[in-house]
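The report below works through one protein model, moving from its overall make-up to selected residues and their surroundings. Please read it beside the sequence and the coordinates.

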Amino acid sequence: MNQRKQPRKKTQSKKKKNNQRKAKQAIRPYITYKDRVFRMLFKDKSRLLELYNALNDTDYTSHENLEVNTLDNAIFIKMKNDVSFVIDSNLCLYEHQSTCCPNMPLRGFLYFADLYKKILGDVDLSSNRRITIPIPHYVVFYNGKERREEKFIQRLSDSYETPAKGISADKGCMELTVQTLNINLEHNKDLLDKSPSLYGYAYFVAAVRKNMEVMELKEAAESAVTECIEKDIIKDFFLEQRSEVVAMSIYEYNEEYIRRELHEDGYAEGYSEGETQGRRKGLVEAVDRIMEKFDIDLSEACEIVGLNEKDYMDEKQNISMEYIERL
């Protein structure tokens with residue numbers, strides 16, 4: 001019986017090593033890119049206006065009324081917001097997600113706060129004149145493999161802490177809602193029909209996934225781009241941005257793999273601990289783990305986690321001092 005199990009263990013170990021090798025190869029070429037396919041596609045104002053019209057049943061024809069104000073935030077593990085813009089009296093934040101994240105309302109809350117600061121500038125908030133602000137709208141486009149309904153709502157209040165025993169529950173004074181739309185090809189067909197750009201993005205992702213059943217990731221992405229061009233699916237975009245789209249696709253798929261690997265190694269717990277207690281120990285441990293597991297240097301590992309190299313070295317020294325003091 002032991003003889004039967006042994007080959008299986010070797011096969012699993014070899015498969016894991018191959019996955020790690022692919023992830024290492026994918027990190028390096030993308031480290032110079034700070035974007036995602038969804039974000040790059042909808043940087044184009046005409047496509048963004050098309051998507052807005054599709055969502056809201058409006059018929060704007062000139063994108064001159066649309067002002068993009070996306071903030072450049074941290075990338076990778078900490079994530080970068082995709083696109084935000086103002087049109088008339090509406091402040092819209094659109095994001096793409098390939099995994100279901102329960103913290104989208106909290107992220108949106110912090111992101112909108114920064115956006116409003118940028119919009120208001122040096123406005124005197126003590127003025128006796130009412131200051132008006134654009135109406136916020138937050139939409140997430142989900143196309144992950146996990147089966148989800150057509151539409152669902154997440155709320156900031158879902159993240160409120162549970163009151164201590166004996167203290168009455170308080171709903172708090174703030175709420176923020178996120179509408180998530182499933183854009184896998186078999187879902188929300190009316191929306192995809194109204195927005196050729198969104199349909200093209202959903203088609204491309206589905207094509208990559210299908211190709212990966214029989215191809216390596218790079219070949220799968222390149223083949224999906226070729227298929228979209230041949231079928232005239234947002235052809236102009238893929239012709240112009242072919243190499244960037246392939247590189248970004250490699251990064252995005254391997255980002256998901258790296259997240260899963262780090263979570264299995266306890267990274268998520270360490271990261272959460274570091275944030276909650278105001279310390280960087282969890283992030284430092286994550287940097288060390290990434291360098292060891294994926295064979296990349298300190299600067300790349302710090303960039304992936306979102307930690308400054310100086311902070312990494314300072315925290316490393318603190319950890320060493322604590323160890324010496326315990327001796």
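What follows covers the overall make-up, the strands, a pocket, three residues and one helix.

**Overall make-up**

The model is a predicted one, and its secondary structure consists of 12 helices and six strands. Of the 327 residues in the protein, 42% are buried. Among the contacts in the protein with a separation of 6 or more, 64% are between residues 24 or more positions apart.

**Strand pairing around β6**

Strand β6 (residues 177-182) has two pairings to describe here. Strand β4 (residues 135-142) runs parallel to β6 and is joined to it by four bridges, whereas strand β5 (residues 151-155) pairs with β6 in the antiparallel sense over five bridges. Q179 of β6 takes part in the register of both pairings, since V139 stands opposite Q179 and I153 likewise stands opposite Q179.

| Strand paired with β6 | Sense | Bridges | Residue opposite Q179 |
|---|---|---|---|
| β4 (residues 135-142) | parallel | four | V139 |
| β5 (residues 151-155) | antiparallel | five | I153 |

**The second largest pocket**

The second largest pocket holds about 450 Å³ of space. Its lining is made of 24 residues, of which L55, N56, V139, Q179 and L181 are the closest to the centre of the pocket. Several elements share in this lining, with α3, β3 (90-97), β4, β5, β6 and α5 (189-194) each supplying at least two residues. V139 and Q179, which are listed among the residues closest to the pocket centre, also stand opposite one another in the strand pairing.

**N53 and Q154**

Which residues does N53 touch, leaving aside those up to four places away in sequence? They are T58, D59 and Y60. N53 itself is placed in helix α3 (residues 45-56), and because its relative accessibility is 13%, under the 20% limit, N53 counts as buried. Its side chain is joined to that of T58 by a polar contact of 2.6 Å, and a polar atom of the N53 side chain also lies 2.9 Å from the backbone oxygen of Y60.

Q154 belongs to strand β5 and is likewise a buried residue, because its relative accessibility is 13%. A polar atom of the Q154 side chain lies 2.9 Å from the backbone oxygen of C101. Not counting residues up to four places away in sequence, Q154 touches C101, P102, M104, P105, L176, T177, V178 and T180.

**L106**

L106 is found in helix α4 (residues 104-120). At 37% relative accessibility, which falls between the 20% and 50% limits, L106 is therefore partly exposed. Although L106 and S159 are 53 residues apart in sequence, their C-alpha atoms are 7.7 Å apart in space.

**Helix α7**

How far apart are the end C-alpha atoms of helix α7 (residues 217-230)? They are 20 Å apart, which agrees with the 20 Å that the 14 residues of this helix should span at 1.5 Å a residue. The buried residues of α7 are L217, A220, A221, A224, V225, C228 and I229. An α-helix has 3.6 residues a turn, so residues three or four places apart point the same way. Just after α7, D232 takes a positive phi of about 60 degrees.

Methods: Residues are numbered from 1 along each chain as its sequence is written. This is a predicted model: local features need pLDDT of at least 70, side-chain atom pairs count only at pLDDT 80 or more; totals for chains, interfaces and linings use all residues. Side-chain values use heavy atoms; hydrogens and water are left out. Buried means under 20% relative accessible area, exposed over 50%, partly exposed in between (1.4 Å probe, protein chains only). A polar contact is a pair of N or O atoms within 3.5 Å; within protein, one must be able to donate a hydrogen and the other to accept it, and residues adjacent in sequence count only if both atoms are side-chain atoms. Contact means heavy atoms within 4.5 Å. The expected span of a helix is 1.5 Å times one less than its number of residues. Two strands pair if DSSP finds at least two bridges between them. On a 1 Å grid over the protein atoms alone, a cavity is a set of points where a 1.4 Å probe fits but cannot get out, and a pocket is an open set with protein on both sides within 12 Å along at least five of seven lines; lining residues have an atom within 4 Å of a point. Grid points are joined across faces, edges and corners, and a volume is the space filled by probe spheres set on the points.
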